[in-house]
Amino acid sequence: MAGKKSTFQKRLEKHHDELRWLYMELYGNDDMFAELCSQMYEYDKQRSQQLKKMDESREKEPDWYKKNDILGMMMYIDNYAGNLKGVKEKLDYLEECQVNYIHLMPFLDTPKGRSDGGYAVSDFRKVQPQLGTMEDLESLTQACHERGMNVCMDFVMNHTSEDHEWAVRARRGEGEYMSRYFFFHDYSIPSQYEKTVPQVFPTTAPGNFTWLQEAGHFVMTTFYPYQWDLNYRNPRVFNEMVYNFLFLANKGIDVMRIDAVPYIWKELGTNCRNLPQVHTIVRMIRMICEVVCPGVLLLGEVVMEPEKVVPYFGTVEKPECHMLYNVTTMASTWHTVATGDTRLLKLQMDIVSRLPKEYVFLNYLRCHDDIGWGLDYGFLKQFGMGEVSHKKYLNDFLTGAIPEAFGRGELYNSDPTSGDARLCGTTASLCGIEKAAYERNDEALAQAVRLDLMLHAYMLTQSGIPVIYSGDEIGQENDYTYHEEPDRWGDSRYLHRGKFRWDLEEKRKEKGSVQEKLFTGIGKLEDIRKSLPVFHTDADVHTIDTQDHAVLGIVRENAGQKLTALFNFSAYEKTVRLEADSSGTELISGEKLEGGEVRIEGYGACWLLEE
């Protein structure tokens, strides 16, 4: 009589045939597939009992991450608390913030001065020494799990640092390692790629290839010259990167943010973006997760409008990523702040709301990166907003280059030829808190705080997982000290990547301070959100016509509850007339409203729970 099958065997049997079919379709290599399965078994054996217990629990409740009580926060370890041990010591504060999803920005080993903010990894199994060790990481994830917190990290799949062992050996001319990248002895083939492949950073890192004088070859470098693109046509690359993935998952990581997903397959004659083979690779990783570490979620970094990122969710039968970023809504939000016109944002909400509820987006106001103006200019054209002139207006407003502006950002990757540029800055500085505080203008400061809170209320109204950028909860302003650091002065993204201001954090208990108003206000919004089923991901969501382009209206309905949310993107009080019999409680103020008429102060928000 055959012995009882292990949990691993049952999971592998469920996915084996599809996994093998996809692997053979890409690679046609039985030996490498057999090695992959063997290593999956080894990583399953190495996975701790605590993590396996969590896996089993999440398998029984696969929608655990879709609830309305999850709140994320992203942070740089060194900026926040010095190192991994420091983060562990600050978990009490994160609990006070009601955060139960922590995104630790890149912490794997990178070369100083050529790290791209941690995205040029030289060793996938080593923590940057100044941040700690793998043992410290494991200790932190265990402590987080004991408190019901999840930990997210970046897994950089597209490339390695030129200091990675593979790259060092490839540079020496070792064929096995050269085949793990894209090496060319002359420019004939790279020149063909350049005809169809767009440049990511045309001003700071033009072209997609770098000449290596000592190696006598060109190497593909889509992002920066010190980041060498991996060649996923080579099954050794796929297998080894999967092993790195599983090694990190076994350290207690709950969410793997796959960096630059659309770029990971290259094909001559194409734009090397979003190719079918990318989806094959992501689907295989999803299945490998479900076999070895089913409690781990995949978060795809796909920077495109929602209808175009949808394929990265896969299908109900063959899912790929669990979650994706809601990038376009974020950019559209800041467009609306600058223009006071919600029509584009309403369109964006309508598009997202029509997508299947199975699709989970991460929603955010600011993150570690810049704001790129990838807006729907075809739609904006009908309102007289041309792409070039409108981008300039947005950047002028949010950098304070025009008299009526309150934003205090800086440009990133500005291209004088095309007039294109991206934008950097913290939420507080872009909302006007920095300007008002500097000018000691109490009225303007109160308005800026209202705008900041209104934007957070809007983010929390969207379906999905809201993520706060560390420091936003206390109104942290831009950090201009990066201008004095040789390793950073050329990258304006460090404007909003400053050290966490623990001196400001202490002021959150000072009644009437900016820190207290924001910390308490955001906390109250989150208390409301997690207490009501109307905020659950399963809710039906649609926009309404408020008869005023400055006011965005969103309706959420679920479990017999109906919430009408209104957001005033103008500095002036507005009155919105709902249905005559609309009455209920405005959840933020606690006031009772009747008669269907709602007054909203400038940059105010309203959450009306109808009765």
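In this predicted model, strand 1 and strand 2 (residues 101–104) run parallel and are joined by four bridges. Within that pairing, Met74 has His103 of strand 2 as its bridge partner. Strand 1 also pairs with strand 17 (residues 465–469), again in the parallel sense, through three bridges. Here Met74 turns up once more, standing opposite Tyr469 of strand 17. The side chains of strand 1 point in two directions: Gly72 and Met74 one way, Met73 and Met75 the other. All four of these residues, Gly72, Met73, Met74 and Met75, are buried.

Strand 17 has a further parallel partner in strand 14 (residues 360–364), with three bridges between the two. On this side, Asn363 is found opposite Pro466 of strand 17. These pairings belong to a wider arrangement, a barrel closed by eight strands in the order 1-2-5-11-12-13-14-17, with parallel pairing. From one strand to the next, the twist averages 30 degrees. As a general reminder, the strands of a sheet pair through backbone hydrogen bonds, in either a parallel or an antiparallel sense.

Attention can now turn to the empty space in the model. Rolling a probe the size of a water molecule over the atoms shows where such space is left. Searching the whole structure gives four cavities of 30 Å³ or more. The largest cavity has a volume of about 150 Å³. Its lining is made up of 20 residues, and those closest to the cavity centre are Tyr469, Ser470, Gln476, His496 and Gly498. Tyr469 is thus met again, as the residue of strand 17 that stands opposite Met74. Two elements give two or more residues to the lining of the largest cavity, namely strand 1 (72–75) and helix 4 (77–81). Sorted by class, this lining holds seven nonpolar, eight polar and five charged residues.

Among the open sites, the second largest pocket has a volume of about 800 Å³. A set of 34 residues lines the second largest pocket, and Ser115, Asp116, Gly117, Arg488 and Tyr494 lie nearest its centre. Helix 4 supplies the largest share of this pocket lining, with three residues. Helix 4 is also one of the elements that give two or more residues to the lining of the largest cavity. By class, the lining of the second largest pocket comprises 13 nonpolar, ten polar and eleven charged residues.

Terms used: Residues numbered from 1 in each chain as written. Predicted model: local features only at pLDDT ≥ 70, side-chain atom pairs only at ≥ 80, totals over all residues. Heavy atoms only, no water. 1 Å grid on protein atoms, 1.4 Å probe; cavity = no way out; pocket = protein on both sides within 12 Å on 5 of 7 lines; lining within 4 Å. Points joined across faces, edges and corners; volume = space filled by probe spheres on them. Nonpolar A, V, L, I, M, F, W, Y, C, P; charged D, E, K, R; others polar. Buried < 20%, exposed > 50% of the residue type's maximum accessible area, 1.4 Å probe, protein only. Pairing = 2+ DSSP bridges. Axes fitted to C-alpha atoms, helices over the stretch in contact; angles between N-to-C directions.
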